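Let's take a walk through this one together. Have a look at the sequence and the fold, and then we'll start with a question.

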Amino acid sequence: MTKKVVHIITGLNDGGAEGVLTRLCLHSKEVRHVVISLMDEGKYGSLLAESGVAVHCLGMNPGKPSMVRFFRLIRLIRAEQPDVVQTWMYHADLLGGIAARLAGVRRVFWGIRHSTLEKGKSKRSTIMIARLCAFLSGWVPEEIICCANKARDVHAAIGYSARKLSVIPNGYDLSRFRPDTCAGARVRAELGLGADDFIIGNVGRFDPLKDHSNLLQALAWVAECEVPFHCALIGKGLSPDNTGLVKQIAELGLQDNVLLVGQRSDIPAVMNALDLHVLSSLSEGFPNVLAEAMACGTPCVSTDVGDALEIVGDEGACCPARDPRALGDVITRLAQEWQQSSSAWQARKVASSRRIAEKFSLAAMTEAYEARWFRG
């Protein structure tokens, strides 16, 4: 008989956890998956439904918990009669985990996607819910699956049941994220960039945790070092109508270097258009964009946050967060390598894609989840 897993997630908008959940459901062929979004269908709900995954949306307001919708969640779980309930992110861990237990499900797995829980970096409400989850972690979940080693360590330190914490790294669809010279050339042409230009990119929404200010200050230093470059900022909120960002770019004298591209749906092609992807975040769990870029053969530079170093695999390509000079120095060094040695750069590109294929494949992630869910 086919096993059934009910996934409960806070929402299905564009984000790392949501993308991992979707990839897992679509790639796991031996399991019947049902997805319950506490809010709406977001970006991924229709994609899941079109692929044959049952999707339920409860329409909760994250700021105003509803007992009516909570009891609807319990009824939904009870009606589905799953073998396993897998929750994703703190709100879903708390509400979904308790609802699953009340519905009579014995095998509940929590999912942790955060590696920073500090005042000023995380919302106060997020920290409060995480601490409540820590208190309940000895009772609600059978296991707590983290996306990163840093996430496991942080949550053990705040009181999560250490014996239940484990790590399954994210996995990537290497049929989508792969080297594709033609796709990259097409995006460059769309952006008005030439084949011989050195293109830096940053893919990710405009958010304080992504620390675009750090990146822009680092790029100002790169420009002072007289390294020619263009930098494309891709993601929600990274468009010319972001007046604050436009102002900072102008103040740093980068208006001829930085392109505000905004959100795009063809991320594999975008990654192929870049020579170097830079992550400037002050906090991450398991930063998907690094693995996605590297799978496309695009080398990466990153602040040393979450499991970034584990993904990149090169200490020389990582630097401390909130240190624009250090980030600028790393970018400058790699830009000079790109200029001076095409053979060394090609070797770096090949090593990047090989590392992701060997350590972070979608097949390996799927097998790991299924092994945890159905062992014993």
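How do the residues of the lining of the second largest pocket divide into nonpolar, polar and charged? Keep in mind as we go that this is a predicted model. The split comes out as nine nonpolar, six polar and four charged residues.

Let's stay with that pocket for a bit. Its volume is about 380 Å³, and 19 residues line it. If you want to find the middle, look for Thr181, Asn272, Leu274, Asp275 and Lys349, the lining residues that lie nearest the centre. Three helices, α7, α10 and α14 (342-359), each supply at least two residues of the lining. Of the contributors, α14 gives the most, with five residues.

One of those central residues, Asp275, deserves a second look. The side chain of aspartate 275 meets that of arginine 188 in a salt bridge, at 2.6 Å from N to O. This pair ties together distant parts of the chain: aspartate 275 sits in the loop between α10 (267-273) and β11 (276-279), while arginine 188 belongs to helix α7 (residues 181-190), 87 residues apart. Both aspartate 275 and arginine 188 are buried.

That pair has company, for the count of salt bridges comes to 14. Arginine 264 and aspartate 266 form one of them, with 2.8 Å from N to O. Are these two buried or partly exposed? Arginine 264 counts as partly exposed because its relative accessible area is 22%, and aspartate 266 is also partly exposed, at 22% relative accessibility. Another bridge joins aspartate 153 to arginine 152, where the closest N and O atoms are 3.3 Å apart. Aspartate 153 has a relative accessible area of 43%, so it is partly exposed; arginine 152, with 31%, is partly exposed as well. Elsewhere, Glu143, Arg372 and Arg375 are linked in a network of salt bridges.

Last stop: helix α8. This helix covers residues 212-224, 13 residues in total. From the first C-alpha to the last, α8 reaches 18 Å, close to the 18 Å expected at 1.5 Å a residue. Which residues of α8 are buried? They are His212, Asn214, Leu215, Leu216, Ala218, Leu219, Ala220 and Val222. Follow the chain to just after α8 and you meet glutamate 226, which takes a positive phi of about 60°.

Methods:
Residues numbered from 1 in each chain as written. Predicted model: local features only at pLDDT ≥ 70, side-chain atom pairs only at ≥ 80, totals over all residues. Heavy atoms only, no water. Helix = DSSP H or I, 4+ residues; strand = E, 2+ residues; numbered from the N terminus. Expected span 1.5 Å × (residues − 1). Buried < 20%, exposed > 50% of the residue type's maximum accessible area, 1.4 Å probe, protein only. Salt bridge = Lys/Arg side-chain N within 4 Å of Asp/Glu carboxyl O. 1 Å grid on protein atoms, 1.4 Å probe; cavity = no way out; pocket = protein on both sides within 12 Å on 5 of 7 lines; lining within 4 Å. Points joined across faces, edges and corners; volume = space filled by probe spheres on them. Nonpolar A, V, L, I, M, F, W, Y, C, P; charged D, E, K, R; others polar.
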